[in-house]
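Hi,

Here is the structure I said I'd pass on. Have a look at it first, and my notes follow underneath.

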Amino acid sequence: MKISKYILICSIILLLAGCNFGDSTEQKLSTILSEIYDLEADYRDVQEELADTESKEQANFQQMMELTKDQKEELTTMVEDTATLLKTRLALVEKEAVSIKSTSESIKQISSLVSETKEASEKESLKEIETSLNERIKAYEEVTTNYNELANMQQELYKMLVDESADVTTIQEQVKEVNLHNELVQQSVQKFNDATIRVNEVKEEVLTSLQKDAK
């Protein structure tokens, strides 16, 4: 079994240095983007701990698979420790999710900015960045749904390892299902990473365009 490599690209990159702001669309958008960046602090902060927890859990699982049911006491202890690691990483993912979802209200401010902006080109630019941000959140929601489903399957697998009634075939089938779902998680993680890259590309394009229009 492979535990999902839950590696996400760091949140929206802030590129505001060297800009001279007045009370402009550019300034207002930059303020909103700064808020979003700050709200994602917890998301950024958990990445290293999450990766470390997954690595430890993977190592434990490999050791567990080398044990036999005759080594029940040792196996039971390892299963309990591994289940604790699983709970830890789910708590980290939940903290991450709260951080990402908290940006929704800030993103809505861009919609208000669209309404008060008179320039058609600026409206289109703002709508584009709003769309890219919302698509990123949607992609993240897909990650967490698939990831939590995978964790539940892994939890069931750990229980099977110490269940006297679970035969080898049943365990192997569960491992197969876990690996298949892990591939789904990887796909959704890649989709989120691509969405984050897109946000940063659009943001840079829009801010550059607004700077030129302000001159």
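The thing I'd start with is a small aromatic cluster: ring pairs link Tyr43, Tyr140 and Phe192. Keep in mind that this is a predicted model, so I'll come back to confidence at the end.

How many aromatic pairs does the structure hold? There are 3 of them. One is Tyr43 with Phe192, an edge-to-face pair at 6.3 Å centre to centre, with 75° between the planes. Tyr43 belongs to helix 2 (residues 41–45) and Phe192 to helix 7 (residues 168–214), so this pair ties together parts that lie 149 residues apart in sequence. Both Tyr43 and Phe192 are buried.

Phe192 also pairs with Tyr140, again edge-to-face. Here the centres are 5.5 Å apart and the planes make an angle of 65°. Because Tyr140 sits in helix 6 (residues 120–161) and Phe192 in helix 7, the contact joins parts 52 residues apart in sequence. As for exposure, Tyr140 has 0% relative accessibility and therefore counts as buried. Phe192 likewise comes out at a relative accessible area of 0%.

Two arginines are worth a click as well. Arg136 has its charged end over the ring of Tyr43, 6.0 Å from the ring centre, and Tyr43 is one of the cluster members. The charged end of Arg44, in turn, sits over the ring of Tyr37, 3.9 Å from its centre.

Now for the nonpolar core. The largest one has 50 residues, and the members that touch the most others are Leu29, Met64 and Leu133. Which helices feed into this core with at least two residues each? They are helix 1 (25–39), helix 3 (47–66), helix 4 (72–101), helix 5 (104–116), helix 6 and helix 7. Helix 6 gives the most, with 15 residues. As background, nonpolar side chains in soluble globular proteins tend to be buried together.

Finally, the confidence. The average pLDDT for the chain is 86, and 87% of the residues score at least 70. Residues 14–22 are the stretch to watch, with pLDDT below 50. In the model this stretch has 16 contacts beyond near neighbours in sequence. Where pLDDT is low, predicted coordinates should not be read in detail.

Cheers

Conventions: Residues are numbered from 1 along each chain as its sequence is written. This is a predicted model: local features need pLDDT of at least 70, side-chain atom pairs count only at pLDDT 80 or more; totals for chains, interfaces and linings use all residues. Side-chain values use heavy atoms; hydrogens and water are left out. Rings of Phe, Tyr and Trp (its six-membered ring) pair if their centres lie within 6.5 Å; planes under 30 degrees apart count as stacked, over 60 as edge-to-face and the rest as tilted. Helices (H or I, at least four residues) and strands (E, at least two) are DSSP runs, numbered from the N terminus. Buried means under 20% relative accessible area, exposed over 50%, partly exposed in between (1.4 Å probe, protein chains only). A charge sits over a ring if NZ of Lys or CZ of Arg is within 6 Å of the ring centre and within 35 degrees of the ring normal. A nonpolar core is a set of buried Ala, Val, Leu, Ile, Met, Phe, Trp, Tyr and Cys residues joined through side-chain atoms within 4.5 Å. pLDDT is the predictor's confidence in each residue, from 0 to 100. Contact means heavy atoms within 4.5 Å.
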